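User: Can you walk me through this protein, with a bit of reasoning for each answer?

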Amino acid sequence: MTTPATREAPARRSWLRDHSELGVCVLLLALGVLVLTDALTMDVDMAQRGPVGPRTVPLAVGAGLLLIAALLAVDVLRGGRGQAETGEDIDLSEPADGRTVLLLAGVFLGAAVLIEPLGFPAAGALLFWGAAFALGSRRTDRDPLIAAVLSLVTYAVFDHLLGVPLPAGPLMGAL
């Protein structure tokens with residue numbers, strides 16, 4: 001014997017399946033709230049140099065995320081649907097390359113752990129070289145050199161031109 005409650009469960013699952021894009025709306029909403037919360041609780045006394053301070057961009061990004069979440073939710077509830085992937089060079093029958101994803105995740109986590117003891121130039125060089133290796137480059141003669149140059153240029157731009165202090169590490173005293 002079926003009760004009204006047992007008939008509603010499949011209907012609810014069907015509605016959620018038909019409106020699965022609402023999950024993206026929830027993710028964007030949570031991310032927007034997180035960005036706005038961080039921006040509003042940011043200590044800006046030392047970094048404030050003019051009328052546009054370090055809170056400006058995070059506030060704009062957070063507000064944009066909330067706006068996009070609301071607009072997407074309205075579109076989905078009105079019947080809008082995401083389109084299936086139609087990329088030319090994507091074979092949806094092939095599984096994801098888990099090895100590459102895990103290598104990239106390991107490289108990012110390693111750089112995050114090493115940035116404080118080694119400094120940004122060394123950790124950034126390992127990040128750039130590790131990402132190139134994970135994505136398939138096997139040029140051991142040029143990749144480390146490109147990674148080091150890229151890391152030093154990035155460090156110089158952020159630390160010297162933009163005034164964003166990055167940890168220099170023990171090697172920067174020798175350079």
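Here are a few questions and answers about this predicted model.

User: How many helices and how many strands are in the protein?
Analyst: Going from the N terminus, the elements run α-α-α-α-α-α. That pattern fits the totals for the protein: 6 helices and 0 strands.

User: What share of the residues is buried?
Analyst: Let's pin down the word first: a residue counts as buried when its relative accessible area is under 20%. The protein has 175 residues, and the buried ones make up 20%.

User: Which helix gives the most to the lining of the largest cavity?
Analyst: The search of the whole structure turns up 1 cavity of 30 Å³ or more, and its volume is about 30 Å³. Its lining is made up of W129, A132, F133, S137, R138, R139, T140 and D143. By class, that's 3 nonpolar, 2 polar and 3 charged residues. The helix that gives the most, with 3 residues, spans 120-134 and is α5.

User: Is V157 buried, partly exposed or exposed?
Analyst: V157 sits in helix α6, which covers residues 143-161. It has a relative accessible area of 31%. Buried needs under 20% and exposed needs over 50%, so V157 is partly exposed.

User: What is the area of the nonpolar surface patch that V157 helps make?
Analyst: To join a patch, a residue needs over 30% relative accessible area, and V157 has 31%. Its partners in the patch are L145, V149, V153, F158, L161, L162 and V164. Together with V157, they make a nonpolar surface patch of about 720 Å².

Definitions and conventions
Residues numbered from 1 in each chain as written. Predicted model: local features only at pLDDT ≥ 70, side-chain atom pairs only at ≥ 80, totals over all residues. Heavy atoms only, no water. 1 Å grid on protein atoms, 1.4 Å probe; cavity = no way out; pocket = protein on both sides within 12 Å on 5 of 7 lines; lining within 4 Å. Points joined across faces, edges and corners; volume = space filled by probe spheres on them. Helix = DSSP H or I, 4+ residues; strand = E, 2+ residues; numbered from the N terminus. Nonpolar A, V, L, I, M, F, W, Y, C, P; charged D, E, K, R; others polar. Patch = residues over 30% accessible without salt bridge, like charges linked within 9 Å, V, L, I, M, F, W, Y side chains within 5 Å. Areas by Shrake-Rupley, 256 points an atom, 1.4 Å probe, with all protein chains shown as cover. Salt bridge = Lys/Arg side-chain N within 4 Å of Asp/Glu carboxyl O. Buried < 20%, exposed > 50% of the residue type's maximum accessible area, 1.4 Å probe, protein only.
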